[in-house]
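Trainee: I would like to learn how to read a fold feature by feature. Can we go through one together?

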Amino acid sequence: MLRAIYPGSFDPVTYGHMDIIERSHNLVDELIVGVLCNKAKMPLFSAEERVKMLKEVTKDLRNVRIIPFDGLLVDFAARMEAKLIIRGLRAITDFEYELQMSQTNHKLEPNVETMFLTTSIEYSYLSSTTVREIAAFGGDLSQFVPEAVAAALRKKMCTKGECNK
């Protein structure tokens, strides 16, 4: 059985993330979407909220599990008995960073491989940071995130006092 991990912050999950999830889940027997809990960052959404959103938008994908994690990705892969890490690439700048991480991960755990998927062209510009900024200014999110995520973003922005109706 081939089990893979697609790790990320997903703060929030975008159509670019969904593109990689939908394409990669067809390549493996089981895809674990690993939601990173990075204590060095201040995410907009808690890990629990990000897991909930991802579960909602992937509920129709039969072989996808959403699991939060912290620490080293290769340690998480070992706990999950995954032999493959999937990473999405938008641009050459992503590649430089991801190549370095891939090589480091391989040095730490030679039995775990990394596979890169290029994001579909219609999402190559998209990032969670951009989506959060559009949400903060009350922009139309429908092109960038699923409706459940857009609703959560609007609610979060109103809670933070950045509500632009």
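Trainee: Let me start with one strand. Is β2 mostly covered or mostly open, and how many of its residues are buried?

Mentor: Keep in mind that this is a predicted model. Strand β2 is mostly covered, with six of its seven residues buried.

Trainee: Which strand order does the sheet have, and what is the pairing?

Mentor: Read across the sheet, not along the chain. The order is β3-β2-β1-β4-β5 in an open sheet of five strands, and the pairing is parallel. Strands β3 (64–69) and β5 (113–118) stand at the edges with a single partner each, so one side of each has no neighbour in the sheet. On average, neighbouring strands are turned by 30° against each other, direction ignored.

Trainee: How many bridges join β1 and β2?

Mentor: Six bridges, in the parallel sense. Take Ile 5 as a marker: its bridge partner in β2 is Ile 32. Between these strands the chain passes through helix α1 (residues 15–24), and this β-α-β crossover is right-handed.

Trainee: And how many bridges hold β2 and β3 together?

Mentor: Six bridges again link β2 and β3, also parallel. Here Val 35 stands opposite Pro 68 in β3. Helix α2 (residues 47–57) joins with β2 and β3 in a right-handed β-α-β unit.

Trainee: Over how many bridges do β1 and β4 pair?

Mentor: Strand β1 (residues 3–8) and strand β4 (residues 84–89) pair over two bridges, in the parallel sense. Ala 4 stands opposite Leu 84 in β4. Now add the helix: α3 (residues 73–80) packs on the sheet and touches β1, β2 (30–36), β3 and β4. Its direction makes about 130° with that of β3. Helix α4 (residues 92–108) lies across β4 and β5, and runs at about 165° to β5.

Trainee: How do I find the inner face of a helix? Which residues of α3 are buried?

Mentor: Start with the geometry. An α-helix has 3.6 residues a turn, so residues three or four places apart point the same way. In α3 the buried residues are Leu 73, Val 74, Phe 76, Ala 77 and Met 80. They cover an arc of only 155° around the axis, which puts them on the same side of α3. Their cover includes β1, β2, β3, β4 and α4.

Trainee: Let me try the reading on α2. Which of its residues are buried, and which exposed residues lie on the face turned away?

Mentor: Buried are Ala 47, Arg 50, Val 51, Met 53, Leu 54 and Val 57. Their arc is only 165°, which places them on the same side of α2. The face turned away from that buried side carries the exposed residues Glu 48 and Lys 52. Elements covering the buried residues of α2 include α1, β2, β3 and α6.

Trainee: Next, aromatics. How many aromatic pairs does a search of the whole structure find?

Mentor: Two values describe a pair of aromatic rings: the distance of the centres and the angle of the planes. The search finds five pairs. One of them is Tyr 15 with Tyr 123, a tilted pair at 6.2 Å centre to centre, with 40° between the planes. Tyr 15 sits in helix α1 and Tyr 123 in the loop between β5 and α5 (128–136), 108 residues apart. Tyr 15 is partly exposed at 26% relative accessibility, while Tyr 123 is buried at 19%.

Trainee: What kind of pair do Tyr 125 and Phe 144 form?

Mentor: Their planes stand at 80° and their centres 6.4 Å apart, so the pair is edge-to-face. Tyr 125 is in the loop between β5 and α5, and Phe 144 in the loop between α5 and α6 (147–159). Tyr 125 is partly exposed at 46%, whereas Phe 144 is buried at 11%.

Trainee: Last, the backbone. Which peptide bond is cis?

Mentor: First the norm. Most residues other than glycine have a negative phi, and most peptide bonds are trans. The bond from Asp 11 to Pro 12 is cis, with omega near 5°. Pro 12 belongs to the loop between β1 and α1.

Trainee: Where is Phe 10, and is it buried or exposed?

Mentor: Phe 10 is in the loop between β1 and α1. It counts as buried, at 3% relative accessibility. Its phi is positive, about 55°, although Phe 10 is not a glycine. Glu 81, just after α3, also takes a positive phi of about 55°. Glu 81 is exposed, with a relative accessible area of 62%.

How values were computed
Residues numbered from 1 in each chain as written. Predicted model: local features only at pLDDT ≥ 70, side-chain atom pairs only at ≥ 80, totals over all residues. Heavy atoms only, no water. Pairing = 2+ DSSP bridges. Helix = DSSP H or I, 4+ residues; strand = E, 2+ residues; numbered from the N terminus. Axes fitted to C-alpha atoms, helices over the stretch in contact; angles between N-to-C directions. Contact = heavy atoms within 4.5 Å. Buried < 20%, exposed > 50% of the residue type's maximum accessible area, 1.4 Å probe, protein only. Right-handed = clockwise from strand over helix to strand, strands pointing away. Arc of directions from axis to C-beta. Phe/Tyr/Trp six-rings, centres within 6.5 Å; stacked < 30°, edge-to-face > 60°.
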